[in-house]
Amino acid sequence: MLDIVSNDKVTWIDIVNVTPEDLNYLRKSYNFHDLDLDDCLSKVQRPKFEAYDDYRFVVLHFPIVCDKGKNNRFLIEELDFFWGENFLITIHSPKMNRLTDSFEQLKNTESKFNKYFSQGVDYLLYKLLHKLVLQIFPIMTQISYDIDWIDNNYDKKRPESVIEKISALRRNIIFLQSSLKPQRNIFTVFEKMKDQQDKNMDIYWGDIGDYLGKIIDMAEDYQELVEGLYSSIDTLLTYRTNKIMKILAMISVIMLPLTFLSSFYGMNVPLPFQESINAVWGLSIIMGVSAIVVVLLFKINKF
């Protein structure tokens, strides 16, 4: 779906779920490179920046929460945009509803439209990306809450639920780091560009770069915390397993002489004392004494 909002200085074209027909429109209306247009139809795994004489093509990634259940699983969604002197073209999926909402607000709110569009395409792009970066902070807050939950409950809850939560956290943090770290360099490039309409834009791009830096530092800290908790839980589970194996081993050793005697006198061959009426009581006493001796040996050796 392609939609346009513009004034006499800036044109913003927002495309949700891009189709070949949308790209044909861009190909006819603008002098974009075919490889850049092809990238809009495919998933680009890494952030990308390409500069040309009359436009720039940028690919960025942002986390989007897709599962608000117990593990808060999120995906990394791609934002492609063409950025020229008087136009901005954004291409994204419907899951990036924050960008779609911003488009509708500017389209329907005259005061915001005049404010953003009157200051040029550079400032418009900054405001859009600024909102997308700020929406990452609630995700980081949720990750912090999840880490606190694990820290408070890893010895109280079922190990399966705790390990599942840790696995989801590790995945989310790795996704964050792999997608945001390269983008920090892209905003450094933005900050150093000299051909922007507003010469003070380096301050704005530096502001976004600082936000990304904070998020990346938080992700690294959270990763260390999660790895530490995982190590603690692994140690606890190993201890519990060893304790269970120890109890089972003690039971097996206690039962070993009892099993031997009962099996020995259960054979259908002549054995000493098997005709005596007191054999059962004698064997019972011997088995009981054997069990007590084994238990005492365990206590003496502090098993």
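**Note on the cores and cavities of the model**

1. The structure contains three cavities of 30 Å³ or more. A cavity here is a set of points on a 1 Å grid over the protein atoms alone where a 1.4 Å probe fits but cannot get out; points are joined across faces, edges and corners, and the volume is the space filled by probe spheres set on them.

2. This is a predicted model, in which local features need pLDDT of at least 70 and side-chain atom pairs count only at pLDDT 80 or more, while totals for chains, interfaces and linings use all residues. Residues are numbered from 1 along each chain as its sequence is written, and side-chain values use heavy atoms, without hydrogens and water.

3. The second largest cavity has a volume of about 40 Å³. Its lining residues (an atom within 4 Å of a point) are Ser102, Gln105, Leu106, Lys112, Tyr116, Lys127, Leu128 and Lys131. Helices α3, α4 and α5 (DSSP runs of H or I, at least four residues, numbered from the N terminus) each give two or more residues to this lining.

4. The largest nonpolar core (buried Ala, Val, Leu, Ile, Met, Phe, Trp, Tyr and Cys residues joined through side-chain atoms within 4.5 Å; buried means under 20% relative accessible area with a 1.4 Å probe, protein chains only) has 56 residues, of which Trp12, Phe81, Leu129 and Trp205 touch the most other members. Its largest share, 11 residues, comes from α8.

5. Beyond its neighbours within four places in sequence, Trp12 is in contact (heavy atoms within 4.5 Å) with residues including Leu88, Phe103, Leu106 and Leu128. Leu106 and Leu128 also line the second largest cavity.

Methods
Buried means under 20% relative accessible area, exposed over 50%, partly exposed in between (1.4 Å probe, protein chains only). On a 1 Å grid over the protein atoms alone, a cavity is a set of points where a 1.4 Å probe fits but cannot get out, and a pocket is an open set with protein on both sides within 12 Å along at least five of seven lines; lining residues have an atom within 4 Å of a point.
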